[in-house]
Amino acid sequence: MFWFFRKKRKVTLILGGGSARGIAHIGVLKVLERERIPIDCIIGTSMGALVGAAYSVGIPISRLEEKAYNFTLNKLLDPTIPRMGLLAGEKLESVIKELLEGRNFGDCQIPLIIVTTDIEKNEEIVYKSGNLVEVIRASCSWPGMFNPVTVDSRLLVDGGIKNSVPVKIAKAHGADYMIAVDVGFCVTKGKIENIFQMLLQSFQIMGHELNMYQANEADAVISVDLGDIDQAAFHRAKEAVRKGSLAAEAKIGQIKKALNIK
């Protein structure tokens, strides 16, 4: 009798990893916000965790853009005596604190889930509460590049090594319409001359393979064509944001139709 009343679908936005390429998430968010796409939950891994968290706690997109355009790779570099990572990760933590402006899980205006990996137990660990800065730092910590982070007696690293685009996490948390943003990986061919290049290329190859099947399980996939923008190209932030917006524009009609939004 009441078949014509359509139940509101729970929309989950899934933001994948990609380091500097993940700045494109800002461009995607600009379009989704402008088109008034309702977001009931954000799930992020690695750079997607950082951008998603900042948006969830209410940092305006304009401020995210400004900070992205003024960011440099040097702000992450704090070399340490290698034991578990080449970089201490303290500068990474400072960047996260600055972006979140002192806010935590309790300040989230949109429910937020951060994906990490327990490197010792080969388990995906998700957080919906706790120390937000600490959890994001863990989710962004590439093994071997950054020191891992100990949270709740677990040794945590980048969520992207198991879930580069965490669609299955969204399914497990009741999403019935999933928008996944895949910024891809810049796998290059050329001579490897140092450990930084070795680690970067390893993550790009691994991430590319994961993305090929993980992202496609979402209802709508916003695939951002970032060309030769690699994971360390923070100086190309404006280009990444612009391409993120273009990719979202290409999918917005499909998303609005599925959600019955005029």
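Contact, on this tour, means heavy atoms within 4.5 Å. Keep that cut-off in mind when we ask what covers a helix. One more thing before you start clicking: the model is a predicted one.

**Stop 1: the whole chain**

Show everything as a cartoon. You should be able to pick out eight helices and ten strands. Colour by burial and 54% of the 262 residues come up as buried. Switch on a surface and you're looking at about 12,400 Å² of accessible area, with 53% of it belonging to carbon and sulfur atoms. If you like contact maps, look off the diagonal: among contacts with a separation of 6 or more, 76% are between residues 24 or more positions apart.

**Stop 2: strand S1**

Select residues 11-15, which make up S1. Is this strand enclosed or open? Five of its five residues are buried, so the rest of the structure largely encloses S1. Turn on the side chains. In a regular strand, they alternate between the two faces of the sheet. Here Val11, Leu13 and Leu15 go one way, while Thr12 and Ile14 go the other.

Now add the strands that pair with S1. Residues 177-182 are S9, which runs parallel to S1 and is joined to it by five bridges. To line up the register, find leucine 15 opposite valine 181. Residues 41-45 are S2, also parallel to S1, this time over four bridges. The pair to label there is leucine 13 and isoleucine 42, which stand opposite each other.

**Stop 3: over the helix**

Follow the chain out of S1. In the loop between S1 and H1, stop at serine 19. Its phi is positive, about 50°, although the residue is not a glycine. Serine 19 has a relative accessible area of 14%, so it counts as buried.

Next select residues 24-34, helix H1; with S1 and S2, H1 makes a right-handed β-α-β unit. How many of the helix's eleven residues are buried? Eight of the eleven are, which leaves H1 mostly covered. To see them, pick Ala24, His25, Ile26, Gly27, Val28, Leu29, Val31 and Leu32. The cover over these buried residues includes S1, H2 (47-56), H3 (61-69), S9, S10 (220-223) and H8 (237-258). Before leaving, check arginine 36, just after H1, where phi is positive at about 55°.

**Stop 4: the nonpolar cores**

Go back to leucine 13 and expand the selection to its contacts. Leaving out neighbours within four places in sequence, you get Leu29, Leu32, Ile39, Cys41, Ile42, Ile43, Ile179 and Val181. Leucine 13 belongs to the largest nonpolar core, which has 72 residues; Leu13, Leu100, Leu132, Ile136, Ile222 and Val224 are the members that touch the most others. H8 gives this core its largest share, eight residues. There is also a second, separate core of 14 residues, which includes Ile14, Ile113, Val115 and Val221.

**Stop 5: salt bridges**

Time for the charged side chains. How many salt bridges are there to find? The count comes to 16. Start with arginine 154 and aspartate 118, whose closest N and O atoms are 2.7 Å apart. This pair ties together distant parts of the chain, with arginine 154 in S8 (residues 154-158) and aspartate 118 in S4 (residues 112-118), 36 residues apart. Check both for exposure: arginine 154 is partly exposed at 23% relative accessibility, whereas aspartate 118 is buried at 1%.

Then centre on arginine 236. Its side chain meets that of aspartate 228 in a salt bridge, 3.0 Å from N to O. Arginine 236 also forms a salt bridge with glutamate 239, again at 3.0 Å from N to O. Glutamate 239 is partly exposed, with 24% relative accessibility. For a bigger group, select Arg34, Glu35, Glu249 and Lys256: salt bridges with shared partners join them into one network.

**Last stop: the segment after H8**

Finish at asparagine 260, which sits in the segment after H8. Like serine 19 back in the loop, asparagine 260 is a residue other than glycine with a positive phi, here near 60°. Is it buried or partly exposed? At 47% relative accessibility, asparagine 260 counts as partly exposed.

Terms used: Residues numbered from 1 in each chain as written. Predicted model: local features only at pLDDT ≥ 70, side-chain atom pairs only at ≥ 80, totals over all residues. Heavy atoms only, no water. Buried < 20%, exposed > 50% of the residue type's maximum accessible area, 1.4 Å probe, protein only. Helix = DSSP H or I, 4+ residues; strand = E, 2+ residues; numbered from the N terminus. Pairing = 2+ DSSP bridges. Right-handed = clockwise from strand over helix to strand, strands pointing away. Salt bridge = Lys/Arg side-chain N within 4 Å of Asp/Glu carboxyl O. Core = buried A, V, L, I, M, F, W, Y, C linked by side-chain atoms within 4.5 Å. Areas by Shrake-Rupley, 256 points an atom, 1.4 Å probe, with all protein chains shown as cover.
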